[in-house]
Amino acid sequence: LLLLKRGGEPVYFGDLGFESCNLIQYLEKYPSTTPIKGGENAATWMLTVSGAGSTNSGTKSFDYADAYANSPLAVECLSKIDVMNEAFSLKESSKITYDKKYPTSRTFQSIEVFKRLLKIYWRSPGYNR
């Protein structure tokens, strides 16, 4: 799950776990987090707690995005990204190349656009008055 707060800053990025247990444990370790109630929807709770939900009262001053940026979870995520970037770096021999600039001819594209326009015209009620 990638949970973003308003403005696009990450609050949580990781596995949810069974019944969102990883996310719940991560958010509940901060003292300003209201614990989840039994039977409460974890998705609604995480949005409310992080201030991204529609019931955001604005009273909480804790910055979950800043806490995530300085957490071991973020460091682990960034190291995984670095490993993937190194593993999948493109070499000249593995780059994808194409023989032509476009996958189909200009004639085929024009015919398909014309068919689509005919369908739009046929479905519009303005022409049959």
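Colleague: Hello! I am new to this structure, so let me start with K115 and E112: which helix are they in?
Modeller: Welcome! Please keep in mind that this is a predicted model. K115 and E112 stand three residues apart in one helix, so about one helical turn separates them. Their side chains meet in a salt bridge, with N and O 3.3 Å apart. The helix, which spans residues 106–123, is helix 5.

Colleague: Is K115 buried, partly exposed or exposed?
Modeller: Buried would need a relative accessible area under 20%, and exposed one over 50%. K115 has 47%, and its partner E112 has 34%. That places E112 in the middle class, and K115 is likewise partly exposed.

Colleague: Which residues do salt bridges with shared partners join into one network?
Modeller: Here we move to another part of the chain. One link is the salt bridge between D63 and K5. Salt bridges that share partners make one network, and its members are K5, E9 and D63.

Colleague: How far apart are the closest N and O atoms of D63 and K5?
Modeller: To count as a salt bridge, a pair like this must have N and O within 4 Å. D63 and K5 meet that rule, with their closest N and O atoms separated by 3.1 Å.

Colleague: How many residues apart in sequence are the parts that D63 and K5 tie together?
Modeller: D63 sits in the loop between helix 2 (42–50) and helix 3 (64–69), while K5 sits in the loop between strand 1 (2–4) and strand 2 (10–13). D63 is partly exposed at 31% relative accessible area, and K5 is partly exposed at 25%. Because the two residues belong to these separate loops, their pairing ties together parts whose distance in sequence is 58 residues.

Colleague: What about E76 and K80: roughly how many helical turns separate them?
Modeller: These two side chains also form a salt bridge, 3.4 Å from N to O. Both are partly exposed, E76 at 40% relative accessibility and K80 at 46%. They are four residues apart in helix 4 (residues 72–87), so their separation is about one helical turn.

Colleague: How many salt bridges are there by this rule?
Modeller: We have met several already, including the one between E76 and K80 and the one between K115 and E112. The full count of salt bridges is four.

Colleague: Now for the inside: how many residues does the largest nonpolar core have?
Modeller: Y26, L27, W45, M46 and Y64 have the most contacts inside this core. Strand 2, helix 1 (21–28), helix 2, helix 3 and helix 4 each supply at least two of its residues. The number of residues in the core is 17.

Colleague: Is S71 buried or exposed?
Modeller: S71 lies in the loop between helix 3 and helix 4. Leaving out residues up to four places away in sequence, S71 touches Y26 and Y30. Its relative accessibility is 3%, and the cut-off lies at 20%, so S71 counts as buried.

Colleague: And I36, what is the separation between its C-alpha atom and that of V49?
Modeller: I36 belongs to the loop between helix 1 and helix 2 and is partly exposed, at 23%. Setting aside residues up to four places away in sequence, I36 touches I24, E28, A42 and W45. With V49, which is 13 residues away along the chain, the C-alpha separation is 9.3 Å.

Technical notes: Residues are numbered from 1 along each chain as its sequence is written. This is a predicted model: local features need pLDDT of at least 70, side-chain atom pairs count only at pLDDT 80 or more; totals for chains, interfaces and linings use all residues. Side-chain values use heavy atoms; hydrogens and water are left out. Buried means under 20% relative accessible area, exposed over 50%, partly exposed in between (1.4 Å probe, protein chains only). A nonpolar core is a set of buried Ala, Val, Leu, Ile, Met, Phe, Trp, Tyr and Cys residues joined through side-chain atoms within 4.5 Å. Contact means heavy atoms within 4.5 Å.
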